[in-house]
Amino acid sequence: MKIIMQIAIVFAICLLGQIVVSVLPFPFPASVMGMIILFLLLLFKVLKVEYVREKTNFLLQNMAFFFIPSGVAIIENYGLLKGSALKILAICIITMVVTFVATAYTVTFVIKWQNKRRKINE
Amino acid sequence: MNEITSSPYFGIVLSIFAFEVGIKINKKLKTPLANPLLIAILLVIAVLQVFRIPVANYNQGGAIITMFLAPATAALGISIYSQLELLKKNWLPIVVGTAVGAAVSMISVFVLCKIFKLDEVLIASLLPKSVTTPIAIEVSSQLGGLVPVTVAAVIITGIAGAIFAPLMIKIFHVKEPIAAGVAIGACSHAMGTTKALELGQVQGAMSGIAIGITGVMTVVYALFLS
């Protein structure tokens, strides 16, 4: 019964996400809204981690599994990809490196700036 | 045969078996190249092709599996919450870093797509490819992209991130563990995070936080594009 209750809570949060998204004036992914709602409910202690622990662990640990059908659907788009496969591969790897460098340097810069300010204040 | 394969149970059982095989192979080879999800997708495709089973039949069960994507994304909220202390202490570098990272990712994808002369649909499919799959799928379909192409791009990016993360840290002299962690999460989502966890606890936790926040940033940026 405990697990069924947890499933109900997580599904209810997803449903709530869909409701919130439907009244927003701009398009927003319902699942991301669900993520934000769950985070806020935990933050403001409306929900305790124990209430959803097993269910969310199950979802997080098996995350990759749920993507199999979305990936399999690629055979339906094979024609479109045939000529661009190598380009897509190159884009994925190059932009991954660029993103890594930009993020790492930004974070390092902000941390250094914070430390400098802290020293000035002391 | 058609009656059997069009049952929802067929798609579900096939997917679970394929994923099990993927995990087994991954454990044996211990390389990010042998990604369980990638192996499972290729296996399912192979079975469907060899036995000439229509994708529509497989999708009877596939749709049920896909239904769990939204709850799985929502569950990421709990993993951000479990890093609350670390998040409170370093919120500024994390937020600024992921905001810049998500923007740079989308801009660099757009510029490269233009250089390679890819069409609008492919650009929309590739734009969100640095974030975690459930969020990337939503952004892609919102922008008019092809979800399966997005899934493939997300996996490729994640595998590349997991392979190159230690090398990139060395080449680009990233000494701050927080910076390394956030950067790995921002550029290669959960797959990169598996590598970040091997590098250290701070890197792993930071990478985990960065997945969710970069995802939200990407969603917000996409609002201005659609």
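**A walk through chains A and B**

Let us start inside chain B of this predicted model, where the salt-bridge rule finds 0 salt bridges across the interface of domain 1 and domain 2. The count of residue pairs in polar contact between these two domains of chain B, with both residues at pLDDT 80 or more, is also 0. What classes of residue make up the side of domain 1 of chain B that touches domain 2 of chain B? That side has 5 nonpolar residues and 1 polar residue, with no charged residues.

To place these domains on the chain, the domain assignment gives residues 2-67 of chain B to domain 1 and residues 77-223 to domain 2. Their centres, taken over C-alpha atoms, are separated by 26 Å. Where they meet, 6 residues of domain 1 of chain B are in contact with 5 residues of domain 2 of chain B. The area buried between the two is about 480 Å², and carbon and sulfur atoms give 88% of it. Which three residues supply more of the area on the domain 1 side than any other three? They are B:Pro32, B:Asn35 and B:Leu37, which supply 65% of the area that domain 1 of chain B buries against domain 2 of chain B.

Chain A is divided into two domains as well: domain 1 covers residues 1-61 and domain 2 covers residues 76-122. Here the C-alpha centres of the two domains lie 29 Å apart.

Now turn to the place where the two chains meet. In this interface, 85 residues of chain B are in contact with 67 residues of chain A. Together the chains bury about 7,000 Å², with 85% of that area on carbon and sulfur atoms. Across the interface of chain B and chain A, the rule finds 0 salt bridges, while 6 residue pairs are in polar contact, both residues being at pLDDT 80 or more. Helix H5 of chain B, residues 69-81, gives the largest share of the side of chain B that touches chain A, namely 13 residues. Sorted by class, this side of chain B has 64 nonpolar, 18 polar and 3 charged residues.

One more helix of chain B deserves a stop. Helix H7 of chain B runs over residues 91-115, and at 1.5 Å a residue its 25 residues should span 36 Å. The end C-alpha atoms of H7(B) are 36 Å apart, so the expected span and the model agree. After H7(B) comes B:Lys117, whose phi is positive, near 60°.

Definitions and conventions
Residues numbered from 1 in each chain as written. Chains lettered and ligands numbered in written order. Predicted model: local features only at pLDDT ≥ 70, side-chain atom pairs only at ≥ 80, totals over all residues. Heavy atoms only, no water. Domains from an automatic or database assignment. Helix = DSSP H or I, 4+ residues; strand = E, 2+ residues; numbered from the N terminus. Expected span 1.5 Å × (residues − 1). Contact = heavy atoms within 4.5 Å. Buried area = accessible area lost by both parts, 1.4 Å probe. Salt bridge = Lys/Arg side-chain N within 4 Å of Asp/Glu carboxyl O. Polar contact = N/O pair within 3.5 Å; in protein donor to acceptor, adjacent residues only side chain to side chain. Nonpolar A, V, L, I, M, F, W, Y, C, P; charged D, E, K, R; others polar.
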